[in-house]
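Reader: I should like to learn how the features of a fold are read from a model. Please show me the structure, and let us proceed one feature at a time.

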Amino acid sequence: MAKAKWLGHSCVLVTVEGAKIIIDPFIKGNPQCPIQLEQLPKIDVVLVTHGHADHLGDAIEICMAHDALLIGVYELCVYCQSRGVRKAYPMHIGGSAKFSFGMVKLTPAIHGSAITHPSTVYTGEACGFILVADGSTLYHAGDTALFGDMKLIGERNRIDCAFIPIGDNFTMGIDDAVEATLMLHPKVVVPMHYDTFPVIKADPNEFARKLSEADKTIRCCILSPGEEVEY
Ligand code: NI
Ligand code: MN
């Protein structure tokens, strides 16, 4: 059975048979993250949704220290390779690829993507991920607005677990996240990308309540940083 541990913000550590996969590894400087970078287990794969610092995070350092494989859009992979990442697998939105641990597909996300400090570097488009491994399907939306094609993503994938941003301002807020969840129709939804900073303060219980008013068949799992869900 696959397990997803939330490390705060959009950082999710996934354990599947034979691999540890970290998504958007924002650890240093993440006020929600309960662990230090040095406390990570051996990481095999790093998935990054876009170049913003709260998502790219410590990806380059982790890839170099763990000899991990970086997966993301082409432009972001090329940038990370220029900064010393040895193993990168560039993809782009709509594309899927099979790996020893499972299948990864890049989904659209309506959002920006650039590194902004110390200078601006274009890092392609923001994306989300479908990860099929261990017979289970995870969807990580990344940073995104609500978009109607989430209905297609939900129809074409039997999503066991979805991580969805709810913090508003930079991404969907609670009402849009409820609508997104109804379209994606996962078995379990985990809210993320809230309360990390004052500007994205949101109440996950309000999200859970509004979701259950709309659809009682989708379980909302509110995690505290460091807690995990089996899916
Ligand atoms: Ni962002
Ligand atoms: Mn973000």
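Reader: How many bridges join strand S14 to S15, and do they run parallel or antiparallel?

Author: Strands of a sheet pair through backbone hydrogen bonds, either parallel or antiparallel. In this predicted model, two bridges join strand S14 (residues 188-192) to S15, and the two strands run parallel. Valine 189 stands opposite cysteine 220 in S15. Two strands pair if DSSP finds at least two bridges between them; helices (H or I, at least four residues) and strands (E, at least two) are DSSP runs, numbered from the N terminus.

Reader: What is the order of the strands in the open sheet, and which are the edge strands?

Author: The seven strands follow the order S7-S8-S11-S12-S13-S14-S15, with mixed pairing. Strand S7 (96-99) and strand S15 (219-220) are the edge strands, each pairing on one side only.

Reader: Which strands does helix H5 lie across?

Author: Helix H5 (residues 174-184) lies across strand S12 (136-140), strand S13 (161-165) and S14, at about 155° to S13. Helix H6 (residues 204-214) lies across S14 and S15, running at about 150° to S14. Axes are lines fitted to C-alpha atoms, for helices over the stretch in contact (heavy atoms within 4.5 Å), and angles run from 0 to 180 degrees between N-to-C directions.

Reader: Why are the buried residues of H3 on the same side of the helix?

Author: An α-helix has 3.6 residues a turn, so residues three or four places apart point the same way. In helix H3 (residues 74-82), the buried residues (under 20% relative accessible area, 1.4 Å probe, protein chains only) are Leu76, Cys77, Tyr79 and Cys80. They lie on the same side of H3 because they cover an arc of only 160° around the axis, taken from the directions from the helix axis to the C-beta atoms. Their cover includes helix H1 (53-56), helix H2 (59-66) and strand S5 (69-73). Glycine 84, with a positive phi near 115°, follows H3.

Reader: What radius of gyration does the protein chain have?

Author: The chain has 16 Å, which agrees with the value near 17 Å for a compact globule of 231 residues; the radius is taken over C-alpha atoms, and the globule rule is 2.2 Å times the number of residues to the power 0.38. Of the 231 residues, 56% count as buried.

Reader: Which conventions apply?

Author: Residues are numbered from 1 along each chain as its sequence is written, and chains are lettered from A and ligands numbered from 1 in the order written. Local features need pLDDT of at least 70, side-chain atom pairs count only at pLDDT 80 or more, totals for chains, interfaces and linings use all residues, and side-chain values use heavy atoms, with hydrogens and water left out.

Note on methods:
Buried < 20%, exposed > 50% of the residue type's maximum accessible area, 1.4 Å probe, protein only.
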